[in-house]
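Here's a structure to walk through together, starting with the whole and then stopping at a few residues. Keep the model open beside the text as you read.

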Amino acid sequence: MKSDLALVVYYQHLNRHGFNALLGALDIPEFEAMPIYLLRTSSELFQELPQIISKHRKVVVGFSFFTSQCLEIQILMQEIRARFGKSVFCIAGGPHPTGEPESTLMLGFDLVVLHEGEATLVELLRHEIENTPWQQVQGIAFLQNGEMHCTEPRHWINLDHYAPFSKKMGAIGPLEITRGCPYACHFCQTPNLFGAQYRHRSMENLFACAEWLQSQKLRDLRFV
């Protein structure tokens with residue numbers, strides 16, 4: 001008998017820091033039993049996906065990518081759809097999908113997560129687990145009858161409410177201190193992704209994160 005929902009993350013080196021925060025948002029009791037697979041290469045993805053699909057009723061595959069990775073992702077998505085069709089539910093987020101949601105959806109994705117993704121991913125997976133419609137989840141874009149629909153934008157999160165890394169998955173990187181930027185340079189996606197004002201993680205929250213890392217014998221603390 002197949003278990004319920006599994007999450008597969010295309011955990012590439014270039015995109016891992018963004019995923020660390022998303023995985024940290026899933027370190028809560030309601031997702032404790034949900035299997036999460038971190039697959040780091042395309043060959044690993046195609047090798048592991050058939051087994052994962054055979055074991056789970058629903059498989060969500062998450063991607064995050066930059067514009068410079070578009071061609072690679074386009075080829076990858078063509079192969080995924082050719083091999084697995086709609087047996088996997090593919091979502092995309094990050095800098096390029098947020099800036100170009102429609103062209104990203106045209107690559108074969110089922111939906112795009114716009115802007116920062118912690119709260120959106122939690123709500124989306126909750127709908128998938130409960131088998132309820134996800135089309136009203138805030139902060140997403142999807143195609144319907146060939147046209148793109150965007151749901152209501154989501155408010156910026158309080159960084160203290162979400163861990164910057166995942167203890168469960170051991171997905172650890174630099175501790176994120178601040179999000180957003182007020183300068184809104186035309187070439188930069190940061191204000192569009194994270195807002196045009198600074199938001200800071202509290203010192204108390206950073207100390208708690210650092211203390212946990214120290215308890216795991218991780219002595220190299222880095223900040224971003």
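How much accessible surface does the protein have, and what percentage of it belongs to carbon and sulfur atoms? The total comes to about 11,800 Å², and carbon and sulfur atoms account for 55% of that. Bear in mind that what you're looking at is a predicted model.

Now step back and take in the overall build. The secondary structure adds up to 8 helices and 9 strands. If you put a box around the C-alpha atoms along the principal axes, it would be roughly 45 × 45 × 30 Å. Does that go with a compact globule or with something else? For 224 residues, a compact globule would have a radius of gyration near 17 Å, and the protein comes in at 17 Å, so the two agree.

What about the inside? Buried residues make up 49% of the 224; to earn that label, a residue needs a relative accessible area under 20%. The contacts tell you about the chain's path, too. Take the contacts between residues at least 6 apart in sequence: 66% of them join residues at least 24 apart.

Charge is next. You'll find 19 positive and 23 negative side chains, and the centres of these two sets lie 6 Å apart.

With the big picture in place, let's zoom in on some backbone angles. Which residue in the loop between β5 (111-113) and α6 (118-130) is worth a stop? That would be His115, which has a positive phi of about 65 degrees despite not being a glycine. His115 counts as partly exposed, because its relative accessibility is 27% and that category runs between 20% and 50%.

Lys217 has a positive phi as well, near 65 degrees, and it isn't a glycine either. To find Lys217, go to the segment after α8 (203-215). Is Lys217 buried or exposed? With a relative accessible area of 62%, Lys217 is exposed, since the cut-off for that label is over 50%.

For a last stop, head to helix α3 (residues 70-84), where Glu79 sits. Glu79 has a relative accessibility of 31%, so it counts as partly exposed. Try picking out Phe46 along with Glu79: the two are 33 residues apart in sequence, and in space their C-alpha atoms are 9.0 Å apart.

How values were computed: Residues are numbered from 1 along each chain as its sequence is written. This is a predicted model: local features need pLDDT of at least 70, side-chain atom pairs count only at pLDDT 80 or more; totals for chains, interfaces and linings use all residues. Side-chain values use heavy atoms; hydrogens and water are left out. Helices (H or I, at least four residues) and strands (E, at least two) are DSSP runs, numbered from the N terminus. The radius of gyration is taken over C-alpha atoms; the globule rule is 2.2 Å times the number of residues to the power 0.38. Buried means under 20% relative accessible area, exposed over 50%, partly exposed in between (1.4 Å probe, protein chains only). Contact means heavy atoms within 4.5 Å. Accessible areas come from the Shrake-Rupley method with a 1.4 Å probe; for residues, only the protein chains shown count as cover. Lys and Arg count as positive and Asp and Glu as negative; His and the chain ends are not counted. The place of a charge is taken as NZ of Lys, CZ of Arg, CG of Asp or CD of Glu.
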